[in-house]
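Ready to practise reading a protein structure step by step? Keep the sequence and the 3D view open while you work through the exercises below.

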Amino acid sequence: MGTGKRGLLTAAVAVVCAVTVLAVPGTAFAAPTPPPPPGTTASVTVVGDQDEELEAVRKKLDKLYRAAAVATEEYNAAEEKARQQSAEIVRLAKEIVEGREKLDGLKERAGAAAAAQYRGGGLPPEAHLVLSADPQDFLDGAGRVRQGEHAAKGLIGEMTRTQQDLEQYAQDADAQWKKLEAGRKAKATAQKKIEKQIEAAEEVESELEQVEKERLALLEQRAADQAQASWLSSGILDDIDGRATKQGRKAVAYATAQIGKPYQWGAEGPNTYDCSGLTSQAWISAGQGIPRTSQAQWKQLKRVDVRDMRPGDLIIYFGDASHVGMYVGDGVMVHAPRPGRSVTLAGAGSMPILGVVRPDAAAD
C-alpha cells in the first residue's frame, strides 16, 4: 500500500475530518472544521473504574439510540405509506368525480332517446315499420332499427360498466382510508417509541458531569476508530477503486454540503436530517428518486459487493438495516449519526456493515 494512501488511512481512522479535500474522482469537497491531529483521539488511554462505568454508559446510550433509530425507520415507513395512500385517495376521488360526470351524460343520452320515442307517439320503432306502406321505407327503417337497438344496448352496457366502476372506486377509496388510518396509528406508535428512547438517553446523559461527557465522547470515538482500523486492516481499500458517475458526484456533493446540520428523526432537510432522509434527498438532488427508508433502500436497490462500491453508493449498517451512510471515497462515508449529533464524515467501517446498494445501477 502506497505512502499516500496510508496517509489517508490514518486520517480515516481518526474519522478523517482532518482531510482538506476528499479524493472523489472529478469532485472536490471541503472538509468540516478539523479536530485534533489524526491519531490524537485514537491514542487516548482511558482506564480505571470511572472509565469502566462510562463504557457501560456508552453501551447503554448506544442501545437506546439504536432502538430510536429502528423506531425512526418504522415512523418513516409509515409516513411514506401515508403519502402514497393519500395520493391514491386523491386519484380515486378524481376517478369518482369523472365517473359521475360520465354517468350523468349517459343518462342524458338515454333520456333523449326516450323523449324521441315519446314524440313518435310512444310506439317502438318496430311498430312504425309494421305500419309502413312503402317496402323501401320498411327496409331502410329496418336497418335503422338494428342500428338503434345496437346503440341502445351499447348505451345500457356503458352505463352499467360506469356504475360498476364507480362502485369499485368507492370500495377502493374506503380501503385506502382504512389503510391510511392504520398508518396514522403506526406513525403514532413509532413516534412514542422514538421519544421514549431519546428521552431515556437524554436522561442518562443529563446525569453526567461535563468532564464525564467529554470522556464519554472519547470512548465513543475510540470505539468507532477501532472498528474502522479493523475494517481497514483487511486491505479493503486496495480493492475499492470505483469511480463516481455523474449522478453519484452530484449526490455526494449534496450530502457533504449538509455537514454540520443537526440530526432530527423523520427529517428530510433542508435544515435537519435523519440518516435515510439525507441519502434519499441527496439522490433526489441528483435526479434519481430512491426509497425513503434505509430498510427499503436495502430491499429495493441493487446490491453490490463492498469491494466494488463507488462514491455515491449507500452503505447499509446493522443486521436490521436501520442506518445508512453514503460512501464518498477513500474509506470514508457521510451520514447523519443520531440525536444530539450533526451530519458528519466517518469511517465507512466504523459500524457493522450489512451491505452496499447502488441507486444509479442503470449507469453500470
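## Exercise 1: A residue and its surroundings

Val 343 has a relative accessible area of 2%, so Val 343 is buried (buried means under 20% relative accessible area, exposed over 50%, partly exposed in between, with a 1.4 Å probe and protein chains only). Before we go on, note that this is a predicted model, where local features need pLDDT of at least 70, side-chain atom pairs count only at pLDDT 80 or more, and totals for chains, interfaces and linings use all residues. Residues are numbered from 1 along each chain as its sequence is written, and side-chain values use heavy atoms, with hydrogens and water left out.

**Task.** Find where Val 343 lies and which residues Val 343 touches.

**Solution.**
- Step 1: Look in the loop between S4 and S5 to find Val 343. Helices (H or I, at least four residues) and strands (E, at least two) are DSSP runs, numbered from the N terminus.
- Step 2: Leave out residues up to four places away in sequence; the residues that Val 343 touches then include Ala 255, Gln 258, Tyr 273, Leu 278 and His 335. Contact means heavy atoms within 4.5 Å.
- Step 3: Now take Ala 257, which is 86 residues from Val 343 in sequence and 9.4 Å away in space, C-alpha to C-alpha.

## Exercise 2: The chain as a whole

**Task.** Describe the secondary structure of the protein chain.

**Solution.**
- Step 1: Count eight helices and six strands.
- Step 2: Read along the sequence to get the pattern α-α-α-α-α-α-α-α-β-β-β-β-β-β.
- Step 3: Add the burial: 41% of the 364 residues of the protein chain count as buried.
- Step 4: Take the contacts between residues at least 6 apart in sequence; 69% of these join residues at least 24 apart.

## Exercise 3: Rings that pair

**Task.** Find the two aromatic pairs of the structure and describe each of them.

**Solution.**
- Step 1: Recall the rule. Rings of Phe, Tyr and Trp (its six-membered ring) pair if their centres lie within 6.5 Å; planes under 30 degrees apart count as stacked, over 60 as edge-to-face and the rest as tilted.
- Step 2: Start with Tyr 75 and Trp 265, whose ring centres are 5.0 Å apart with the planes at 90°, so this pair is edge-to-face.
- Step 3: Place both partners. Tyr 75 is in helix H2 (residues 49-119) and Trp 265 is in the loop between helix H6 (246-257) and helix H7 (275-285), so the pair links distant parts of the chain, 190 residues apart.
- Step 4: Check burial. Tyr 75 counts as buried at 15% relative accessibility, and Trp 265 counts as buried at 17%.
- Step 5: Move to Tyr 254 and Tyr 273, an edge-to-face pair with 6.5 Å from centre to centre and 90° between the planes.
- Step 6: Tyr 254 lies in helix H6 and Tyr 273 in the loop between H6 and H7, so this pair ties together parts 19 residues apart in sequence.
- Step 7: Compare the accessible areas: Tyr 254 is partly exposed with 22%, whereas Tyr 273 is buried with 0%.

## Exercise 4: Charges over rings

**Task.** Which ring does the charged end of Arg 66 sit over, and which face does Arg 303 lie over?

**Solution.**
- Step 1: Use the rule that a charge sits over a ring if NZ of Lys or CZ of Arg is within 6 Å of the ring centre and within 35 degrees of the ring normal.
- Step 2: For Arg 66, the ring is that of Phe 318, with the charged end 3.8 Å from its centre.
- Step 3: For Arg 303, the face is that of Trp 298, at 3.7 Å from the ring centre.

## Exercise 5: The largest pocket

**Task.** Describe the largest pocket and its lining.

**Solution.**
- Step 1: Note the volume, about 920 Å³. On a 1 Å grid over the protein atoms alone, a pocket is an open set of points where a 1.4 Å probe fits, with protein on both sides within 12 Å along at least five of seven lines; lining residues have an atom within 4 Å of a point. Grid points are joined across faces, edges and corners, and a volume is the space filled by probe spheres set on the points.
- Step 2: Of the 34 lining residues, Glu 220, Ala 224, His 335, Pro 337 and Arg 338 are the closest to the centre of the pocket.
- Step 3: Ask which element gives the largest share of the lining: H5, with eight residues.
- Step 4: Sort the lining into 19 nonpolar, eight polar and seven charged residues. Ala, Val, Leu, Ile, Met, Phe, Trp, Tyr, Cys and Pro count as nonpolar, Asp, Glu, Lys and Arg as charged, and the others, Gly among them, as polar.
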